[in-house]
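Welcome, and please open your viewer. Have the selection tool ready, and we will take the tour one stop at a time.

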Amino acid sequence: MLAVSSVRLRALPRNLSICSVSQVRRLTMKLSSPQSSKVYDAVIIGAGPAGLTAASSLIDAGLSRICMVDPTFTAGRIHEKYREVPSNTKTGLFVQWATGTKTFAHIIKSAPGPNAYTKMLELDQDTTCMLGDAVNVAQLLTDGMRKVPGIDSLASEVRHLVREGDVWRLPEHGVTSRKVVLAQGSRPRQFGLADQYPNLQDLDLDTSLKPSALKGQVPFGSRVGIIGSSHSAVLAMKNLYELGEGVSLVNFYRSPLLYAEYKDGWILYDNTGLKGVAADWARKVLGPEKDPRVRRIHLAAPGRKEQGIYDAELPQCTHLVSAIGYDNNEPPKVEVDGRQVKLDFDPLTGRFKGVLGLYGSGIAYPERVTDPVGNVESAVGWMKFLRFCRRVAPEWAAE
Ligand SMILES: Cc1cc2nc3c(=O)[nH]c(=O)nc-3n(C[C@H](O)[C@H](O)[C@H](O)COP(=O)(O)OP(=O)(O)OC[C@H]3O[C@@H](n4cnc5c(N)ncnc54)[C@H](O)[C@@H]3O)c2cc1C
């Protein structure tokens, strides 16, 4: 880590308590900012599981001067929103992820125990865990990564990237780098359907995925509409269902429920099928023996239009949850030689087409994979980000 310069320390006002919030933010950013004269080998934008994985894979691949940028360094959206969500991957995969690069393995080996990783080793490796347990391990690695010699960390957001000649500049931060990796994550897609029906209260998907936040939000007698049939939609339904007898559900779906199937050495519908707690609950409650508290309505039923179905059903509902997918968080504005470029990600190589030295990883930029029977999916998961980075980081580093 770079030492805080005395010039910057002297710039601090004597009485911090009279600073405005924005002044404090600016000052904090300066204090943790890297030196502007240094040219990094790579800047990583976003330090969720994917950004951490990319940074450690690039170090393994031989790069030594790396700057990670993230507003909080708390291991991404899972920490902020999904600690109470049961994982869809087995515990053993998080353990493999945490030791899957040489840099990660060294941090884990050097961390004093007991710690989040040793706690995870005590769990049953062959079943799922709470995402809170996994994210504690990611935070242990975040703290360790920030102490690796050659890695700087900047507590901020990047809004603007400029390519000049053969280097990238982050004009807001005075940082220059040969390569940039985007790993800025995603957020639930907004639908806005609830606005069309005055009786409906829009219930945030993130709130529905967090039982402690859901308590008190949905009174006895509520009838909640849930749009979607993904892993997130099913977990939201489970949490709402578990509020008790006084809450009934109407699930609107386009695609039937899809379950992951464990084959010999691979998983059918690995990225799109239900797994773990979500799969068990869906089989039990949404299966052939219908539960009267949950109605399921197929939006693609022949002869009916989606809007007509909503118009008939939603006036009877009190709340609406939209679980219709995730959109990428806004990437920085990218300018190459004075012109703004539209980003076009190549999911096989992790590069952006036509833009040198810019790469992507994580839920925002997943690898495209084809399974043994020809299904094409986006590979989203911590261990999948790691496999992708282990394959492509040596190529990125060599360019
Ligand atoms: C409900 C849910 C459950 C999931 N369960 C699992 C599971 O069990 N197992 C599994 O392997 N995967 C799971 N995933 C999938 C995926 O692995 C996780 O979403 C993963 O945490 C994504 O990591 P990420 O680093 O790509 O994004 P994020 O965790 O979102 O991290 C992105 C980071 O970038 C920062 N950032 C954003 N914009 C900027 C900017 N402009 N400048 C600087 N920083 C920025 C953000 O603040 C954040 O810290 C789940 C996903 C969801 C939504």
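We will visit the ligand, then a pair of helices, and finally two spots in the backbone. Keep in mind that this is a predicted model.

**Stop 1: the ligand and its neighbours**

Select the ligand and show the residues around it. There are 31 of them, and those that come nearest are Asp 70, Asn 88, Thr 89, Ile 363 and Trp 382. Now colour this shell by class: you should find 16 nonpolar, 12 polar and three charged residues.

Which helices and strands each supply at least two residues of the shell? Select helix H3 (49–60), helix H4 (77–81) and helix H14 (382–398), then add strand S2 (66–70) and strand S3 (86–90). S3 gives the largest share, with three residues.

**Stop 2: polar contacts of the ligand**

Zoom in and look for three short distances. Begin at Asn 88, where a polar backbone atom is 2.7 Å from an oxygen atom of the ligand. Next, click on Thr 89: an N or O atom of its side chain is 2.7 Å from a nitrogen atom of the ligand. Then go to Arg 77, which has a backbone N or O atom 3.1 Å from a ligand oxygen atom.

How much of the ligand's accessible area does the protein cover? On its own the ligand has 980 Å², and the protein covers 93% of that.

**Stop 3: two helices that pack together**

Keep H3 on screen and add helix H6, residues 102–110. Two packed helices are described by the angle between their axes and the distance between the axes. For H3 and H6, the angle is about 105° and the axes are 7 Å apart. An angle from 65 to 115 degrees counts as roughly perpendicular, so that is how H3 and H6 lie to each other.

Show the side chains at the contact. From H3, pick Leu 52, Thr 53, Ser 56, Ile 59 and Asp 60; from H6, pick Lys 102, Thr 103 and Phe 104. By class, this contact has three nonpolar, three polar and two charged residues.

**Stop 4: two backbone details**

Move on to Pro 114, in the loop between H6 and helix H7 (116–122). Is the peptide bond from Gly 113 to Pro 114 cis or trans? It is cis, with omega near -5°.

Last, select Ala 75 in the loop between S2 and H4. Look at its phi angle: the value is near 80°, which is positive in a residue other than glycine.

Methods: Residues are numbered from 1 along each chain as its sequence is written. This is a predicted model: local features need pLDDT of at least 70, side-chain atom pairs count only at pLDDT 80 or more; totals for chains, interfaces and linings use all residues. Side-chain values use heavy atoms; hydrogens and water are left out. A residue is near a molecule or strand if one of its heavy atoms lies within 4 Å of it. A polar contact is a pair of N or O atoms within 3.5 Å; within protein, one must be able to donate a hydrogen and the other to accept it, and residues adjacent in sequence count only if both atoms are side-chain atoms. Accessible areas come from the Shrake-Rupley method with a 1.4 Å probe; for residues, only the protein chains shown count as cover. Helices (H or I, at least four residues) and strands (E, at least two) are DSSP runs, numbered from the N terminus. Ala, Val, Leu, Ile, Met, Phe, Trp, Tyr, Cys and Pro count as nonpolar, Asp, Glu, Lys and Arg as charged, and the others, Gly among them, as polar. Axes are lines fitted to C-alpha atoms, for helices over the stretch in contact, and angles run from 0 to 180 degrees between N-to-C directions. Angles under 35 degrees count as roughly parallel, over 145 as roughly antiparallel, 65 to 115 as roughly perpendicular and the rest as oblique. Contact means heavy atoms within 4.5 Å.
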